[in-house]
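Here's a quick walk through a protein model, written for someone who'd rather be at the bench. Keep the structure open while you read.

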Amino acid sequence: MKDQFCAVVTGQSLIKHDIRDVKNERFIAVTDFLRQGDVVFTNFESTILGKHGGWPTKGKYFGYSRAEVLDALQAIGFNALALANNHAFDLGAGGILSTLEEVEARGLLHAGIG
């Protein structure tokens, strides 16, 4: 076991598309910083539209993402997610199930729904 560890905590990650191809130097500097952490945490401010489908709970489909967004978050350094937020139930129970399955399939630490 290491004597020290580095925890990086960010605010909301309201991401709707794959961000792995962003080449902006400031974004690259942030990802370089994130990758230094042992535990890198963010609030995943979305829900996953996956195999369980979903239904709009606010009169429309408001906040959802595809599963590749989770791959992008991992690629830039995140390994821990908060899942309980105002968008967690945007697709109803199906969105909750899809989000949990996709997060767990990637081995991400998570808390907040389920």
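What follows covers the core, a helix, a strand glycine, an aromatic pair and the salt bridges. Bear in mind that this is a predicted model.

**The core**

Let's start on the inside. The largest nonpolar core has 22 residues, and the ones touching the most other members are F44, L70, L73, L81 and L83. Three elements, β2 (39-44), α2 (68-75) and α3 (92-105), each put in at least two residues. The largest share belongs to α2, with 4 residues. As a general point, nonpolar side chains in soluble globular proteins tend to be buried together.

Which residues does L73 contact, once you ignore its neighbours within four places in sequence? The list is S13, I15, F44, F78 and L81. Two of those, F44 and L81, are also among the core residues with the most contacts to other members.

**Helix α3**

Now look at α3, which runs for 14 residues. From its first C-alpha to its last it covers 20 Å, close to the 20 Å expected at 1.5 Å a residue. Its buried residues are G92, G94, G95, I96, S98, T99, L100 and V103. What do these buried residues pack against? They sit against α2, β3 and β4 (109-111). Just past the helix, G107 has a positive phi of about 70 degrees.

**A glycine in β1**

G11 lies in strand β1, which spans residues 7-13. Its relative accessibility is 45%, so G11 counts as partly exposed. Leaving out neighbours within four places in sequence, G11 contacts T42 and N43. There's also a long jump in sequence here: G11 and A82 are 71 residues apart along the chain, yet their C-alpha atoms are separated by 9.9 Å.

**The aromatic pair**

A search of the whole structure turns up 1 aromatic pair. The partners are W55 and F89, arranged edge-to-face, with 5.9 Å centre to centre and 90 degrees between the planes. This pair ties together distant parts of the chain, 34 residues apart: W55 is in the loop between β2 and α2, while F89 is in the loop between β3 (80-82) and α3. Are these two rings' residues buried or exposed? W55 is partly exposed, at 45% relative accessible area, and F89 is partly exposed too, at 42%.

**Salt bridges**

The structure has 5 salt bridges. In general, side chains of opposite charge can pair when their charged atoms come close. Here are some of them:

| Pair | N to O distance |
|---|---|
| R20 and D18 | 2.6 Å |
| R35 and D32 | 3.9 Å |
| R106 and D71 | 2.6 Å |

The R106 and D71 pair bridges distant parts of the chain: R106 is in the loop between α3 and β4, D71 is in helix α2, and they're 35 residues apart. D71 is partly exposed, at 26% relative accessibility. D71 and R106 also belong to a network of salt bridges that takes in E102.

As for the other two pairs, R20 is partly exposed at 37% relative accessibility, and so is D18 at 32%. R35 comes in at 47%, which counts as partly exposed, and D32 gets that label as well at 40%.

Key
Residues numbered from 1 in each chain as written. Predicted model: local features only at pLDDT ≥ 70, side-chain atom pairs only at ≥ 80, totals over all residues. Heavy atoms only, no water. Core = buried A, V, L, I, M, F, W, Y, C linked by side-chain atoms within 4.5 Å. Buried < 20%, exposed > 50% of the residue type's maximum accessible area, 1.4 Å probe, protein only. Contact = heavy atoms within 4.5 Å. Phe/Tyr/Trp six-rings, centres within 6.5 Å; stacked < 30°, edge-to-face > 60°. Expected span 1.5 Å × (residues − 1). Salt bridge = Lys/Arg side-chain N within 4 Å of Asp/Glu carboxyl O.
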